[in-house]
Amino acid sequence: MARTLHFSIFRHNPYDPQSVPRMQSYTLDETPRATLFTTLNRIREEQDPSLQFDFVCRAAICGSCAMLVNGRPLLACKTRTEELPETITMHPLPFFRLVGDLSVDTGSWFGEMEQRVESWVHQQHSFDPNGLEERMSNDKALEIYELERCIECGCCLAACGVALMRPDFLGAAGMLRVARYLADPRDHRSEAQVLEVLAPDSAVSGCVGFLACDDFCPKNLPLEEQWAFARRWLLAHGALSDNRPTPQRIG
Ligand code: FES
């Protein structure tokens, strides 16, 4: 039997001085196998055309439909309502600038992060348009591909307690981007350049290791493994102390 879904959705227009942040309720019958994305479209078409939320690909590729659902960051286009209880609370992702209702601006943060980590291949020689293509093994190409799969949805940052406390935190997405260039044999950036990005306490050593980024990444990226790699890289280059106090058992 079809369930009746009860939605409580955050509403606010930060550009309207009269707007007050509030939760708004909507009720509708569940459509079998419907995603949250199609359900939000139904709410907008049948009940409230003013509701704002983002989507582009509807296939878990563009990352624009990320939001908090019952307190957890996820992709609306990848989540079926059947996976959720009948009462569903939706908020915009924290950490990012609010555009309106469930829509946030992740692009500005990711653009700034790309500048911060210099997200392009660094080479010592100038580009030769007539030169031969640089070759790499299939295994190396696959290793880089695995680190390239981030869709910049922002779920890792929205789930991260450190990012919510300090807006300058590099986050898993930024750290993963650096790891991608460290894995690339065509990239010739110096150790000093990598240290400048990874060593500050707003980067790798700022991570307290809760690893919610790894738990909530909708693409199952190897974030836990890459945090460990970045820590080992810093230790090997003398930029991280391994004499942290031994964790004590509580109770
Ligand atoms: S709409 Fe593109 S990831 Fe959901």
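**Exercise 1. The hairpin of S3 and S4**

Task: In this predicted model, find which residue takes a positive phi in the hairpin of S3 and S4.

Solution:
- Start with the strands. S3 covers 66-69 and S4 covers 72-75.
- Look at the link. The hairpin has 2 residues between the strands.
- Read the backbone angle there. Asn70 has a positive phi near 50°.
- Now check the pairing. S3 and S4 run antiparallel, joined by 4 bridges.
- Pick one bridge. Val69 is partnered by Arg72 in S4.

**Exercise 2. Another partner for S3**

Task: Work out how many bridges join S3 to S5, and which residue of S5 is the bridge partner of Val69.

Solution:
- Locate S5. This strand spans residues 87-91.
- Count the bridges. S3 and S5 share 2, and the two strands run antiparallel.
- Find the partner. Val69 bridges to Met90 in S5.
- Put both exercises together. Val69 has Arg72 as bridge partner in S4 and Met90 in S5.

**Exercise 3. Where two domains touch**

Task: Identify which strand gives the most to the side of domain 1 that touches domain 2.

Solution:
- Set the bounds. Domain 1 is 4-104, and domain 2 is 117-236.
- Place them in space. Their C-alpha centres are 30 Å apart.
- Count the contact residues. Domain 1 brings 15 and domain 2 brings 12.
- Look for strands on the domain 1 side. S3 and S4 each supply at least two residues.
- Name the top contributor. S4 gives the most, with 4 residues.
- Sort this side of domain 1 by class. There are 12 nonpolar, 1 polar and 2 charged residues.

**Exercise 4. The two sides of H2**

Task: Decide which residues of H2 are buried, and which are exposed on the other side.

Solution:
- Find the helix. H2 takes in residues 106-116.
- List the buried residues. They are Thr106, Trp109 and Phe110.
- Check their directions. They span an arc of only 95° around the axis, so they lie on the same side of H2.
- Turn to the other side. Ser108, Glu112 and Gln115 are exposed there.
- Ask what the buried residues pack against. The answer is strand S7, residues 103-105.
- Step past the helix. Just after H2, Glu118 has a positive phi of about 50°.

**Exercise 5. The whole chain**

Task: State how many helices and strands the chain has, and what share of its residues is buried.

Solution:
- Count the elements. There are 9 helices and 7 strands.
- Take the burial. Of the 251 residues, 29% are buried.
- Add the overall extent. The C-alpha atoms fill a box of roughly 60 × 60 × 40 Å along the principal axes.

Methods: Residues are numbered from 1 along each chain as its sequence is written. This is a predicted model: local features need pLDDT of at least 70, side-chain atom pairs count only at pLDDT 80 or more; totals for chains, interfaces and linings use all residues. Domain bounds come from an automatic or database domain assignment. Two residues are in contact if their C-beta atoms, placed from the backbone, lie within 7 Å. Ala, Val, Leu, Ile, Met, Phe, Trp, Tyr, Cys and Pro count as nonpolar, Asp, Glu, Lys and Arg as charged, and the others, Gly among them, as polar. Two strands pair if DSSP finds at least two bridges between them. A residue is buried if 20 or more other C-beta atoms lie within 10 Å of its own, exposed if 12 or fewer, and partly exposed in between; C-beta atoms are placed from the backbone. The arc is that of the directions from the helix axis to the C-beta atoms.
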